[in-house]
Amino acid sequence: MTRFDEFKDIQKKLKAYGLVLNIASWDSNTEAPKDCFPYRSEMLSIISGEHFSLMTSQTYQDIIRDLLDQQDDLSETQYKEVEKAKKSLDKIVKIPKHEYVEFSKLRNMANRVWEEARENEDFEQFKPYLEKIIDFQKKMVSYRSSTTQPYNVLLDDYEEGMDMDKYDHFFQTIKDELVPFVQDILNNKPKEKPSYITESFPKQKQKQFVEYLLEVFDYNLNRGVLKESAHPFTWNTHSKDVRLTVRYLENYVFSSIFAAIHELGHALYEQQVDEMFDMTNLNSGASMGIHESQSRFYENIIGRSKAFWEAHFDKLKTLFSHQLKDVEIDDFYHAINWVEESFIRVEADELTYPLHILLRYELERAIFNDGISVDALPELWNKKMKSYLNVDVEKPSDGILQDVHWSGGAFGYFPTYALGSAYAAQLYYAMKEALDIEKLVKDNNIKAINTWLKENIHCFGSRLKPEEIIQKVTNEPFNPKYYIRYLKEKYTELYLKK
Ligand SMILES: [Zn+2]
């Protein structure tokens, strides 16, 4: 048995534990009855413990070290596998086990307190936990690297290769170019939102439309499942088991339609990873940012385009003949791209969305880099909301308490959402050189687009790093100007052309 065989052997065991834990989490989020959790978490914590012990075992660490010492004997893919394993290992192995466990307990606790605080509209209740989480996170990061700036370590965790320099440039571009443009649009938009948007659309018919969308996007049901859950998500273990969920809101039909297309973007990516990676740790998307680029490409660039609805509006009208009786496609196209001042990130439209992320990036940067106190955060949050989105936050649930991320210690995560949208735009202009996207979409030939994405991005799984993908597909490094161009082209046409 070679050293690499030994490595594969342990990888396979880790994957087996991973499969069990993943299936359980899919079940927890879709089917599991609510009283099952105390028993379940106790049993699962045993499996997690086994997984952790194997992953941090001295044997495994020695194998990885040896393989990296003799990397000339490895093929390129083998090397990438080992390199990725080393990276996951480094994230946990230097942290004393008791502190790792303590941090995990703190996060569970903080999550419960956050939920309560949000309900009570009481930031003070959450504040001591947020302080503890931040201190703990700083300490965790210091174990891993004493030289890299803490926020850079976290940013790299969520998007390999990204750091404050790169994000500063990105968000400065958004601030300079997009903030004034959004103001312009908001000043020029019609005051009244069309009322049919919030009429009642029966759930059963929404479901029928979502099933129709699965076909339109050529999602492979032999390798996937559609279910309902409180928050839509995509779940996968390898290319032949990629599932997604949606939820149906009777009075807001756009929710299920666009969440479905968004999750389909994530799911198609995973279904199209080359099966040669199934048994490796490279068998999933390249990064959070690249993943989000795919979901947002399908959701916004395809799903919210006029061409898409030229092909599918009739189908929607047949299902909802009463609700959409007097609605013309142009009005519908406007309604699905409605821009407005809003408090809540997850409900924001495509154009104002990055401003919500800009605010969070600036706050996280201030927390980790400038040591700003937690006391100062709510006021800073509200001030930025006023200046970027022109809204006055009146209660914490509309402001600083709206997102779950910080209660789980997930700092550095938010920026990938905006980055994903920006990647999507850059990839879109590259794709346009090769394909007549508008025509393909109008002709209901999404398959051709899927194939292009498969060959250029999806098939590689995580064998290529995010920056390698962007460079390879677009012939230049990440450049936010494409995102600005895309948004300005689309929303000028929609709102500023009289
Ligand atoms: Zn997503």
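**View 1. The largest nonpolar core of the predicted model.** This core holds 96 residues. Five of them touch the most other members: L213, A260, L264, L358 and Y423. Both domains contribute, as domain 1 (3–148) and domain 2 (149–498) each supply at least three residues to this core. In soluble globular proteins, nonpolar side chains tend to be buried together.

**View 2. L264 and the residues it touches.** Leave aside residues up to four places away in sequence. L264 then touches L213, F217, Y219, L244 and Y298. L213 also appears with L264 in the list of core residues that touch the most other members.

**View 3. A second, separate core.** This core has 7 residues. Among them are F7, M55, Y60 and I63.

**View 4. Helix α14, residues 353–369.** The helix has 17 residues. From its first C-alpha to its last, α14 reaches 24 Å, close to the 24 Å expected at 1.5 Å a residue. Of its 17 residues, 14 are buried, so α14 is largely enclosed by the rest of the structure. G371 follows α14 and has a positive phi, near 60°. An α-helix has 3.6 residues a turn, so residues three or four places apart point the same way.

**View 5. Domain 1 against domain 2.** The domain assignment gives domain 1 as 3–148 and domain 2 as 149–498. Their C-alpha centres lie 27 Å apart. The contact takes 31 residues from domain 1 and 29 residues from domain 2.

**View 6. The side of domain 1 that touches domain 2.** Four elements each give two or more residues to this side: α1 (3–30), α4 (76–93), α5 (97–120) and α6 (123–144). The largest share, 11 residues, comes from α6. By class, this side of domain 1 has 12 nonpolar, 9 polar and 10 charged residues.

**View 7. The setting of the close-ups: the whole chain trace.** The protein has 20 helices and 3 strands. Along its principal axes, the C-alpha trace spans about 70 × 50 × 50 Å. The radius of gyration is 23 Å, which agrees with the value near 23 Å for a compact globule of 498 residues. Buried residues make up 35% of the 498. Among contacts with a separation of 6 or more, 72% join residues 24 or more positions apart.

Conventions. Residues numbered from 1 in each chain as written. Predicted model: local features only at pLDDT ≥ 70, side-chain atom pairs only at ≥ 80, totals over all residues. Domains from an automatic or database assignment. Contact = placed C-beta atoms within 7 Å. Nonpolar A, V, L, I, M, F, W, Y, C, P; charged D, E, K, R; others polar. Expected span 1.5 Å × (residues − 1). Buried ≥ 20, exposed ≤ 12 C-beta atoms within 10 Å, placed from the backbone. Rg over C-alpha atoms; globule rule 2.2 N^0.38 Å. Core = buried A, V, L, I, M, F, W, Y, C linked by C-beta atoms within 7 Å.
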